[in-house]
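Student: Could you take a close look at a single helix for me, and then carry on to the interface and the core?

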Amino acid sequence: MNTALRRARNRQMFIFLLVCFSMAALLGRLYYWQILQSQGGYQLAQRANNEHVQNQTVNAPRGLIYDSNGQLLATNVVRDDVYIEPHQFSVDHLDSESTQTDLQNLVHALHQVLPDISEELLNKAFNSGQASVRIAGPIDPTQSQKLHALRLPDTFLLPRTWRIYPGSDLAAQILGYVQGEQGMYGIERTYNKLLAGKPGSVTAETDLNGNPLSVGASSAQPAVKGADLTLTIDSFVQYMVQTALSDSVKTMEAQGGTVVVINARTGAVVAMAGDPTFDPNNYGSSVDKRGCLGAVEAYFNPALYCEYEPGSVMKAVTMAAALDQGLITPDTAFNDPGYISFKDADTVTNWENKGYGMETMTGVLTHSANVGAAYVAHNILGPDRYYPYVQRFGFGQKTGIDTLESSGQYSTNKSAGWTPTDLTRQAFGQAISATPLQVAMAYQAIANGGSMMRPYLVAGINDNGHVTTIVPQFLRQVVSARTSALLTGMLVSAADKNQQATIPGYSVAVKTGTATTQGISDDQTEASIAGFLPASNPQFVILVKLDRPQATIYGGTAAAPLWRAIAQQLMWHYGIPPDRP
Amino acid sequence: MQSMSRDRGPSHGDHLRRQAAPGGLIAPTLKERRSATQAPPMKPILAAKRRRHLHPFFFQMGPVALCVTSVLLIGLMAVLYLSQVGQAVSANQQLQDVRTQQATLQRQDQDLLDTIAQERSPASIAQQAKDMGLVPSDPKNVQVLVVQHLQPIKKSDQSIEP
């Protein structure tokens with residue numbers, strides 16, 4: 001090979017090697033950025049995916065709540081929040097001479113649609129320099145439509161789902177409310193997991209506007225809608241009860257009140273009202289309201305949480321215990337001079353020390369004589385035969401209703417610090433605390449032939465087509481059917497004599513109660529009445545309690561008129577024929 | 001031709017090569033190489049057979065024609081691909097529009113359900129009744145009429161309804 005050719009070949013080889021080296025360097029650099037930095041270091045692959053691939057959470061629609069007639073009690077609506085972008089506005093108008101003009105036009109346009117927000121406030125918001133500022137929300141659909149149509153710059157609407165209660169404060173303390181995604185109080189809280197459903201997710205490549213692309217790789221986990229609940233509540237009865245209670249509290253100048261209406265056969269809660277109450281659509285405005293004589297917030301259901309001393313309504317339980325054990329009959333008589341003394345307990349007197357002479361057990365209920373009740377509990381029953389019945393009637397324990405509740409309390413002969421004075425006082429409803437629902441369920445057992453049912457609020461659950469119906473549940477036989485019939489007769493007789501809660505055409509079995517609290521003046525009472533009707537074939541148990549009425553302090557005069565009005569409305573509403581033509 | 005080349009004797013280059021590799025293999029001369037590269041002409045039958053084979057035309061194309069054709073083909077495929085992608089994106093946009101419309105209709109449906117529920121609520125009905133001048137009935141004004149031996153008509157028994 002000659003020199004020239006060799007040199008030519010050497011040059012070729014040099015260039016070839018140079019090119020190879022450059023290619024190798026490029027490949028090495030490519031490997032560095034594509035492989036090494038992609039997964040580690042700058043996380044380039046991750047950052048690229050973050051730009052184009054988004055993982056969006058799909059919120060699950062919250063389940064709806066209906067009443068027993070299919071009336072909607074709680075639903076969801078979507079409302080927009082209005083945001084402005086002050087920083088973006090500044091960027092868009094950096095060198096613009098018409099910044100102020102554009103700003104004023106924008107502010108004016110917003111103010112036209114959202115008159116509640118002053119232009120001064122809008123100007124201040126636009127000058128804040130923040131990335132985004134929420135200026136209004138939720139706005140109504142008409143305003144949303146107007147803003148959509150205007151297509152204002154540097155302004156956007158963010159949809160949000162809201163829980164709405166079309167009935168306003170109807171059954172508010174039964175339902176509770178929703179804060180964020182969490183149910184608070186009532187059914188919303190107890191059944192929050194069922195109602196909330198399960199959120200889903202969508203992972204997909206997105207376009208410039210953030211919309212997921214159907215052409216790219218994507219994966220989706222669908223959201224599972226929350227279950228719908230059907231309650232045992234009848235909206236019309238609930239409304240009637242709430243309205244009547246509110247009027248009664250005002251008329252009787254009481255601090256509050258509670259009404260419970262139970263289906264006597266099944267234990268289903270037909271209505272449950274408390275005063276004061278709140279509007280779950282605007283729960284924040286009731287944060288200072290207190291119920292249960294100021295003990296708890298108005299959000300709590302007083303029928304389930306307000307423990308009180310039941311007073312004379314407890315005498316029916318005392319009589320039931322003695323009747324069931326065959327220790328007395330309705331006609332068993334004793335002498336009532338207006339007081340009774342015990343060797344081991346404090347003396348018990350009747351209201352205003354009234355004496356009734358020789359009176360029967362039925363008379364004890366008619367006159368609501370404390371002496372008679374204490375006599376039966378102390379002298380006839382004794383603690384060992386009395387307290388088992390108090391327990392069987394459900395006192396001192398939760399009723400088992402499908403929501404949160406208090407249990408009440410009382411001391412027995414097995415409790416520390418108990419004395420026989422407790423026994424004598426518990427016989428007429430003092431020295432024992434119970435919730436209104438517990439008292440109502442005690443009368444439910446009496447009305448239902450001695451059979452106590454579990455109270456319940458939810459009648460059915462529809463979980464995306466899978467329907468579960470809640471059936472009435474028998475809890476226990478509290479007293480025999482015979483005892484139930486005897487006691488019912490005594491209560492009817494007492495009601496007929498007093499004429500405080502009777503309604504034309506129907507037999508009613510009721511007992512009034514006027515409970516005082518130790519340490520507090522005797523004119524500050526818990527006036528109550530509990531009973532059921534029609535007595536011959538009980539359909540409903542009604543309990544009414546007014547807290548410290550001032551117009552009149554007695555159960556028979558303060559609570560009975562309300563009881564009567566509710567009872568009569570119930571008979572009409574359900575078309576129950578009179579049993580006393 | 002071969003005898004003439006023999007008569008000429010070895011060329012100058014041949015002399016150099018022979019001298020450069022004493023004792024080694026003697027490299028072929030340039031003339032010998034040229035003659036060796038000339039393939040003998042094909043026999044007619046074999047040539048005809050070859051012509052009947054389906055050789056792809058571009059094997060016989062020159063480099064320029066091949067480049068131009070390749071560019072055209074690649075361009076055509078690119079246009080086809082972009083067209084498909086464009087259609088998919090357009091379809092995606094339509095899908096988004098439909099989804100937006102669906103969301104809007106769902107919102108309207110929920111709003112209507114809420115409106116209906118509010119109108120059917122007892123408070124609303126009571127207010128409407130009050131606005132119409134109706135008043136709640138007074139229980140004291142209600143009289144119960146007793147009809148002896150009255151048999152209520154069952155809802156299912158329509159034939160004897162008045």
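Tutor: Gladly! A residue is buried if 20 or more other C-beta atoms, placed from the backbone, lie within 10 Å of its own (exposed: 12 or fewer; partly exposed: in between). This is a predicted model, with local features needing pLDDT of at least 70 and side-chain atom pairs pLDDT 80 or more, while totals for chains, interfaces and linings use all residues. Residues are numbered from 1 along each chain as written, with chains lettered from A and ligands numbered from 1 in written order.

Helix α5(B) covers residues 63–120 (helices are DSSP H or I runs of at least four residues, strands E runs of at least two, numbered from the N terminus). Just one of the 58 residues of α5(B) is buried, so the helix is hardly covered. Its end C-alpha atoms are 84 Å apart, which agrees with the 86 Å expected at 1.5 Å a residue (1.5 Å times one less than the number of residues).

Between the chains, 25 residues of chain A are in contact with 19 of chain B (C-beta atoms within 7 Å). On the chain A side, β3 (72–84), α10 (235–251) and α19 each give two or more residues, and β3(A) gives the most, with five.

Helix α19(A), residues 555–573, also gives the most to the largest nonpolar core, with 10 residues (a set of buried Ala, Val, Leu, Ile, Met, Phe, Trp, Tyr and Cys joined through C-beta atoms within 7 Å). Of its 143 residues, V261(A), V508(A), W563(A) and I566(A) touch the most other members. Beyond four places in sequence, the contacts of V508(A) include V492(A), L533(A) and A567(A).

Terms used. Contact = placed C-beta atoms within 7 Å.
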